[in-house]
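Let us read a protein model through questions and answers. Keep the structure in view as you go.

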Amino acid sequence: MRLPALFALFALTVLVSGCQLLPPKPPASGAVQGPGYSSETVRYRCDGGAFIDVAYLEFGHGDSFAALHHDGRTALLKARTSASGVRYIALDEQHSLRWFTKGDEGFLSFLAADHTAKERVLLANCKAEKAAR
């Protein structure tokens with residue numbers, strides 16, 4: 001499968017999920033592996049009772065991505081170097097979401113494409129929910 005088609009499929013898995021106050025049916029849990037990649041969808045519960053589903057995609061050559069749906073938009077984010085945990089930054093600088101994870105916890109923030117902008121936390125204290133077995 002070509003790389004752009006794989007990204008489109010990856011982003012669509014998150015399109016039907018998203019950040020919501022009422023918990024809809026959770027996505028299928030578990031990891032999917034293929035030649036040269038692996039993926040997993042994780043549901044997080046955040047402060048205020050909000051939920052966000054994040055689909056992770058890792059390639060064997062080291063690139064990692066996350067796709068999430070927030071505020072009516074689906075964003076594709078790329079993993080960047082972080083002192084602790086993993087920091088994902090949106091590929092679209094005009095809608096620059098940031099997703100930070102460490103262990104089973106994370107938070108979503110926004111940083112406008114302006115050198116004077118301050119980062120704003122959108123979802124805090126997000127904790128991964130354990131998959132029902």
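Q: Which side chain meets Arg43 in a salt bridge?
A: A salt bridge is a side-chain nitrogen of Lys or Arg within 4 Å of a carboxyl oxygen of Asp or Glu. Here N and O are 2.8 Å apart. The partner of Arg43 is Asp53.

Q: What kind of model is this, and how are its residues numbered?
A: This is a predicted model: local features need pLDDT of at least 70, side-chain atom pairs count only at pLDDT 80 or more, and totals for chains, interfaces and linings use all residues. Side-chain values use heavy atoms, with hydrogens and water left out, and residues are numbered along each chain as its sequence is written, from 1.

Q: In which strands do Arg43 and Asp53 lie?
A: Strands (E, at least two residues) and helices (H or I, at least four) are DSSP runs, numbered from the N terminus. The pair links distant parts of the chain, ten residues apart. Arg43 lies in β2 and Asp53 in β3.

Q: Are Arg43 and Asp53 buried or exposed?
A: Buried means under 20% relative accessible area, exposed over 50%, and partly exposed in between (1.4 Å probe, protein chains only). By that rule, Arg43 and Asp53 are both buried.

Q: Which residue forms a salt bridge with Glu129?
A: The closest N and O atoms are 3.4 Å apart. Glu129 sits in the segment after β9, and its partner is in strand β2, 84 residues apart. Glu129 is partly exposed, at 34% relative accessible area. The partner is Arg45.

Q: How many salt bridges are there by this rule?
A: Another one joins Glu105 and Lys127, at 3.8 Å from N to O. Glu105 is in β8 and Lys127 in β9. The full count is five.

Q: Which cysteine is joined to Cys46 by a disulfide?
A: A disulfide is a pair of cysteine sulfur atoms within 2.5 Å. Here S to S is 2.0 Å. The partner of Cys46 is Cys126.

Q: How far apart in sequence are the parts that Cys46 and Cys126 tie together?
A: Cys46 lies in the loop between β2 and β3. Cys126 lies in strand β9, so the pair ties together parts that are 80 residues apart.

Q: What is the relative accessibility of Cys126?
A: Its partner Cys46 is buried, with a relative accessible area of 5%. Cys126 also counts as buried, at 0%.

Q: Why is the pair of Tyr56 and Tyr88 called tilted?
A: Rings of Phe, Tyr and Trp (its six-membered ring) pair if their centres lie within 6.5 Å; planes under 30 degrees apart count as stacked, over 60 as edge-to-face, and the rest as tilted. The centres of Tyr56 and Tyr88 are 5.6 Å apart. The planes stand at 50°, so the pair is tilted.

Q: What is the angle between the planes of Phe59 and Phe65?
A: Both residues are buried. Their ring centres are 6.2 Å apart, and the pair is edge-to-face. The angle is 85°.

Q: Which residues have the most contacts inside the largest nonpolar core?
A: A nonpolar core is a set of buried Ala, Val, Leu, Ile, Met, Phe, Trp, Tyr and Cys residues joined through side-chain atoms within 4.5 Å. The largest one has 19 residues. Its largest share, three residues, comes from β3. Those with the most contacts are Ile52 and Trp99.

Q: How many strands does the protein chain have?
A: The elements run α-β-β-β-β-β-β-β-β-β from the N terminus. That gives one helix and nine strands.
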